[in-house]
Amino acid sequence: MACARWLLGRWASVWMLLGLMVLGGCARELPYQRLEGPTMGTRYLVRFQPPAADFDAAALQASVDARLEALNASLSTYRSDSLISAFNQAAPGQVMPIDQDFERMLDLSRQVHQASGGAFDPTLGGLLQLWGFAWPKPEQPLTRLPQAAAIEAAKASFDNLSQPAPGQLVKRAPLQLDFSAIAKGYGVDLIADVVHAQGIAHYMVEIGGEVATRGKGPAGGAWRIGIEEPDPLSSVRVLARLNLSEAALATSGHYRNFFELEGRRFSHIIDPVTGYPVAEPPLSVSVLASTVALADAWATAFMVLDENRGLALAEAHGLAVYWVYERDGVRRIQQSSRMSPYLVPDAGTH
Ligand code: AMP
Ligand code: MG
């Protein structure tokens, strides 16, 4: 606002011109701010350049928190009073209420479910429970593998869901929904909408590694976002850097969440077709898509899909994808053709 006072004066038009230049300068020089808070078992982070010096960041944070609260009240399986928990506990045939976020999650999930040949499937809540990956986590880790018959019985499908009217959902067979593989990305999209609606042109939003960017980063150019080294014990921290301006990025990884039983390592990613954890998923997959929700769902799907099929689908759907594989201790990178324009050259292994 101090800048605006420069506009006053006798030589209004000259000052106006100068003022606009100064205002432009002021806007560029406003330092980036940071908001963060807990959500979805992790934290959200917003970095942004305020549109004015007297911008009310506390009000923005209150709006972000309110939007996330509404989302969690609908879709959090951690909360027994959420719409999704009520739906999961309901008996087949019982008509249950859902809200717009729930409907949107179903629509986006169905879209990626179909496009990925069933690799992404939020109807696998029963399988997640059987394998000890659902919330609440089992008190004891699994001591034996689930029986094949139990796995067969826990399999479910989108075909078992129907929406008799807007705002209603019914299961035709016992099933439990779990949107863990898309909800963080969706949450990022929602926060980005809130931030954007405040007239903020330059921002980055993140929840647990799922990222939306717009405009410029604090260094003046595109946002620089790192794809993390999958091995947390490694001294190498960032495997690749991406230049992102208006982008939606999500990463799925096997390296943080798995369990070992009978000498084998089991991924938290389940192949909905077999009902078993994926045997040798990539160490990580990063995806750029049109929204972070879609990127998030696709990243999980690419953990399930084998390498050739994954690459073919990424090319067919025009997705920029970056896979990190490790077989017999040898690290290997695979990427789809759309990924290379985003990669910062020479960032490779530093
Ligand atoms: P993400 O980190 O986005 O890949 O999400 C992984 C989580 O999604 C897992 O911990 C499970 O809760 C759930 N999940 C596992 N396999 C699938 C799948 N094939 N489709 C949808 N969700 C899944
Ligand atoms: Mg995901």
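Let me begin with Asp328, which at 81% relative accessibility counts as exposed, a label given to residues over 50% relative accessible area, with buried meaning under 20% and partly exposed in between (1.4 Å probe, protein chains only). Before going further, I should say that this is a predicted model, in which local features need pLDDT of at least 70 and side-chain atom pairs count only at pLDDT 80 or more, while totals for chains, interfaces and linings use all residues. Residues are numbered from 1 along each chain as its sequence is written, chains are lettered from A and ligands numbered from 1 in the order in which they are written, and side-chain values use heavy atoms, with hydrogens and water left out.

Asp328 has a positive phi of about 50° although it is not a glycine, and its place is the loop between strand S14 (320-327) and strand S15 (330-335); helices (H or I, at least four residues) and strands (E, at least two) are DSSP runs, numbered from the N terminus. Glu262 also has a positive phi, near 50°, and lies in the loop between strand S11 (258-261) and strand S12 (264-267), where it is exposed with a relative accessible area of 54%. As background, most residues other than glycine have a negative phi.

Turning to the interior, the largest nonpolar core has 48 residues, of which Phe102, Leu106, Leu177, Phe179, Val287 and Phe302 touch the most other members; such a core is a set of buried Ala, Val, Leu, Ile, Met, Phe, Trp, Tyr and Cys residues joined through side-chain atoms within 4.5 Å. Helix H8 (292-304) is among the elements that give two or more residues to this core, and H8 gives the most, with 10 residues. A second, separate core of 21 residues includes Val46, Leu68, Ile191 and Val195.

What, then, surrounds ligand 1? Of the 16 residues around ligand 1, Ala119, Ser252, His268, Ile270 and Thr300 come nearest, a residue being counted if one of its heavy atoms lies within 4 Å. The largest share of this shell, 3 residues, comes from H8. Among the polar contacts, which are pairs of N or O atoms within 3.5 Å (within protein, one must be able to donate a hydrogen and the other to accept it, and residues adjacent in sequence count only if both atoms are side-chain atoms), a polar side-chain atom of Ser252 lies 2.4 Å from an oxygen atom of ligand 1, and one of Thr300 lies 2.6 Å from an oxygen atom of ligand 1.
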